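Please load the model in your viewer and keep the selection panel at hand. The tour below proceeds by selections, and each stop says what to pick and what is found there.

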4 protein chains.
Amino acid sequence: MTIRVLINGADGKMGQQAVKALTHAEGLSVAGQAGRKDDLSAIIAQIKPDVVLDLTTASAVFQNASQIIQAGVRPVIGTSGLLANQIQLLTAQSLEKKLGGLIVPNFSVGAVLAMKYAQDCARYFSDVEIIESHHPQKADAPSGTAIRTAEMIEAARQKMLTPTFSKETLSGARGANYKNVPIHAIRLPGILARQTVMFGGSGELLTIQHEISDRESYMAGICLACREVMHLNTLFCGLEHVLFTISK
Amino acid sequence: MTIRVLINGADGKMGQQAVKALTHAEGLSVAGQAGRKDDLSAIIAQIKPDVVLDLTTASAVFQNASQIIQAGVRPVIGTSGLLANQIQLLTAQSLEKKLGGLIVPNFSVGAVLAMKYAQDCARYFSDVEIIESHHPQKADAPSGTAIRTAEMIEAARQKMLTPTFSKETLSGARGANYKNVPIHAIRLPGILARQTVMFGGSGELLTIQHEISDRESYMAGICLACREVMHLNTLFCGLEHVLFTISK
Amino acid sequence: MTIRVLINGADGKMGQQAVKALTHAEGLSVAGQAGRKDDLSAIIAQIKPDVVLDLTTASAVFQNASQIIQAGVRPVIGTSGLLANQIQLLTAQSLEKKLGGLIVPNFSVGAVLAMKYAQDCARYFSDVEIIESHHPQKADAPSGTAIRTAEMIEAARQKMLTPTFSKETLSGARGANYKNVPIHAIRLPGILARQTVMFGGSGELLTIQHEISDRESYMAGICLACREVMHLNTLFCGLEHVLFTISK
Amino acid sequence: MTIRVLINGADGKMGQQAVKALTHAEGLSVAGQAGRKDDLSAIIAQIKPDVVLDLTTASAVFQNASQIIQAGVRPVIGTSGLLANQIQLLTAQSLEKKLGGLIVPNFSVGAVLAMKYAQDCARYFSDVEIIESHHPQKADAPSGTAIRTAEMIEAARQKMLTPTFSKETLSGARGANYKNVPIHAIRLPGILARQTVMFGGSGELLTIQHEISDRESYMAGICLACREVMHLNTLFCGLEHVLFTISK
């Protein structure tokens, strides 16, 4: 049976690419497209999709997610910007409706795997640094993915490490210190997005690197999320949830 | 309580380094050292160690392992060269003696982790190539670790991949095809040992790389094996066994 | 004074991108566009451009180049496929017309620089290997750039190196042997074009790597060629000619 | 004819390795060894070497260099720590004696080549960042080589670049800004010394990387310096001088 997906934010860059991807994906179909000016609830009521994929903007995402759940449809939220307390509210709504859903900060399967390996590796190597490289137009430094990776590393490592940030002869040379993980942000044309996590031990070095050269890389994760959300009983956060469940 | 370790092959390069490492390791002590000309069984009988660490040569390893088990002492076998049927025989002996033991083809924690991540990653990306780089004196190409990694990848991947080996305009350009994983072996001075596993997907690339610059990198794995073998009830093969057990 | 460029092959992928790039380039203007079905000589006679940039196909390139020179206009030939004897004929025609021109196998400034550094480095390090990585749709392996790089390395190195190709336990592992330079070709999705040249010495490794993630990278070289061809007195081959002249 | 070299600082780590290297080098011989407590002038007078190789300490180097020149022997100074005005004084002394000499901050041929290529590349790409990685015991960050590389890049580049240092959400993320070149210093066990210089352009990335895994890598440069100093007529600074002269 085909899973019918309504794409909200179908007029954006990601939205357009998602329409194409879902159209060709096995077991999925595009049941409808909604844009900025449409009444989402009305369209849901009319189309009755199995899933609503939300690819809109930070300012609209909470209201959208809430409307989707209230309508009794499973949400896949690809828009970033939900706050911790908003996620709590949405989870409560899902429980009440006995409805599965997914909030996905990063649809790239490779990025999620790379973070998972970095977290695992942190249990064995306490010395680690992150180098993330992006195009110069990127608004922030370091990247959200680098920050999330540092948090995951800190949660996993058993020995507290204090990297030597004091020995700088030029300020900033040793990078940003976040959760005792040095993070270095490179901004150069010719790179879209790249993250390198280096773990050092006595006489050895383990490096995990993930590069994105095309937005296309998010499409496999989008399709996966739309399929797997059907098997969930409550609201989960992170592609890793459905990724690691299905692959065992 | 300190675990008392007898080091067999203590006169070799690895053996000498192991003596130093175990001397300084928490919870471990060097109970004795045996060399090529010593009578291993006699020394075991005299010293009564908890563990015998074998770092000898391929020609001697089976007899050594058998003697250790017969003496009722837990073996940690770091010597390569055991054949499949020899391992079966040793396992039978261990079962009879109700004795734990470990055969460890690679003591580097990082190398074992890198192989584990590569195997996991193969469940999500079917396109993969291995590049291994070693010093020019290395006897074989590709390395044993590359071959083992390809086997682990093949065991994990769900979709059969047929890499395009046919398009070579110069023979050998596309590397060796082992289990449908292309393997490329680089031999250059200035490198001790390095392995890079690259997974490619639509618009993304995930790379797992492990480098060894000093034999010192094996010592953490040796100490771990000598400690964890005390908790085993039978003979296991691969550092991954004790590595992943303890870290949960 | 603006240099007026006629673009032949303006309907192709590269042609369209070149039209855009030249439109915005300082000192250059698009004087006209010609496609597959147009009469090139007639258009040249009508427009009287300073330069014709040819971005067509291997089968048409010789006739195009000859027509451009006969019309007394400076050619910048970006199409590959000219044979050695055809280049000789074109050179003779240019000399007769006292006309400068450029044949450019690779418009990427970075690729040309990387090859130049590799050639220079070969004078100091005799041990070298090339790893080139491309998308799986690439027709040949190894790439033309890798072959050209190996030729340049061979021309520069003073000591003959015989890499150890004999020790393969799996055929192809040591790559292709071209001019005593091992070449390894990787084919994976997620990569457009990348070339890594590794030089090894006692305890050191020097690596020169060039990656192309977008056809846009050729545009700077195209503009440079169209400008600099105005200062040439005969027909030259290779962007390196104008690149290294102007930069001193 | 063999060039007879007196090694001053022969009791140090580098000194001992240099004794071994010169002993086996073609055209060179170890004429004598001097240590901390020896009277350098007296030994020079007795042995009459062609060259004195100084591998001592910053506090002694100026007096040593001066003594060597006064004795009419060609100096190869491998000790760092000479100040600009001290170099001026030594140059004046050399001119007076009509004596060639070499001050060599970095004996690694590969490191010198990598810096040369980075400087050349800066003429074509204005966007560049330096990532240097060293063992955690290194006293300073960034490394002297990184600082020197940034200076060479700044001297070569034609367009002024202002990297975006303002967008940091965590302080230090964008590295140190030296001469408008961002420098990132990584400190991890498992690395001896590594420097990566990345140049970015539209859709392309050119990377020059040099790694040192063994002090042995300095020996080729030491031998080269001892040979080539015989052909110099005055005092020069930098291995690049003799390196690029002989290779043309």
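Begin with helix 1 of chain B, residues 13-24, which lies across strand 1, strand 2 and strand 3 of chain B and runs at about 150 degrees to strand 2 of chain B. Bear in mind throughout that this is a predicted model.

Next, select helix 3 of chain B, residues 58-70, which lies across strand 1, strand 3, strand 4 (74-77) and strand 5 (101-103) of chain B, and whose direction makes an angle of about 160 degrees with strand 4 of chain B.

Now hide the helices and show the strands of chain B, where an open sheet of six strands appears in the order 2-1-3-4-5-11, with parallel pairing. At its edges are strand 2 (28-34) and strand 11 (235-237) of chain B, each of which pairs on one side only. If you look along this sheet, neighbouring strands are turned against each other by 25 degrees on average, direction ignored. Within it, zoom in on strand 1 (residues 3-8) and strand 3 (residues 51-54) of chain B, which pair in the parallel sense over four bridges; to find the register, pick Val5(B), which stands opposite Val51(B) in strand 3 of chain B.

Move to chain D and select its strands, six of which form an open sheet in the order 2-1-3-4-5-11, with parallel pairing. Strand 2 (28-34) and strand 11 (235-237) of chain D have a single partner strand each, so one side of each is left without a neighbour in the sheet. From one strand to the next, the twist of this sheet averages 25 degrees. Strand 1 of chain D, residues 3-8, runs parallel to strand 2 of chain D and is joined to it by six bridges, and a useful pair to label here is Leu6(D) with its bridge partner Gly32(D) in strand 2 of chain D. Then add helix 2 of chain D, residues 40-47, which lies across strand 1, strand 2 and strand 3 (51-54) of chain D, running at about 140 degrees to strand 2 of chain D.

Keep chain D and bring in chain A: a turn of 180 degrees, with a shift of 0.0 Å along the axis, lays chain D on chain A with an RMSD of 0.1 Å. The two copies are therefore related as by a two-fold rotation axis. To locate this axis from the side of chain D, select Gly172(D), whose C-alpha is the nearest to the axis in that chain, at 2.0 Å. The same surface serves both copies, since 100% of the contact residues of chain D recur in chain A.

For the next stop, show chain B and chain C together; here 37 residues of chain C are in contact with 38 residues of chain B. On the side of chain C that touches chain B, strand 6 (127-134), strand 7 (176-178), strand 8 (181-187), strand 9 (193-201) and strand 10 (204-212) of chain C each supply at least two residues, and strand 8 of chain C gives the most, with five residues. Coloured by type, the residues of this side of chain C divide into 18 nonpolar, eleven polar and eight charged.

Finally, select helix 6 of chain C, residues 144-156. Its 13 residues should span 18 Å at 1.5 Å a residue, and its end C-alpha atoms are 19 Å apart, which agrees. Which residues of helix 6 of chain C are buried? They are Thr145(C), Ala146(C), Ile147(C), Thr149(C), Ala150(C) and Ile153(C), and what covers the buried residues of this helix includes helix 5 (109-121), strand 6, strand 7, strand 8 and strand 9 of chain C.

Terms used. Residues are numbered from 1 along each chain as its sequence is written. Chains are lettered from A and ligands numbered from 1 in the order in which they are written. This is a predicted model: local features need pLDDT of at least 70, side-chain atom pairs count only at pLDDT 80 or more; totals for chains, interfaces and linings use all residues. Two residues are in contact if their C-beta atoms, placed from the backbone, lie within 7 Å. Ala, Val, Leu, Ile, Met, Phe, Trp, Tyr, Cys and Pro count as nonpolar, Asp, Glu, Lys and Arg as charged, and the others, Gly among them, as polar. The expected span of a helix is 1.5 Å times one less than its number of residues. A residue is buried if 20 or more other C-beta atoms lie within 10 Å of its own, exposed if 12 or fewer, and partly exposed in between; C-beta atoms are placed from the backbone. Two strands pair if DSSP finds at least two bridges between them. Axes are lines fitted to C-alpha atoms, for helices over the stretch in contact, and angles run from 0 to 180 degrees between N-to-C directions. Copies are superposed by least squares on the C-alpha atoms of residues with pLDDT of at least 70 in both.
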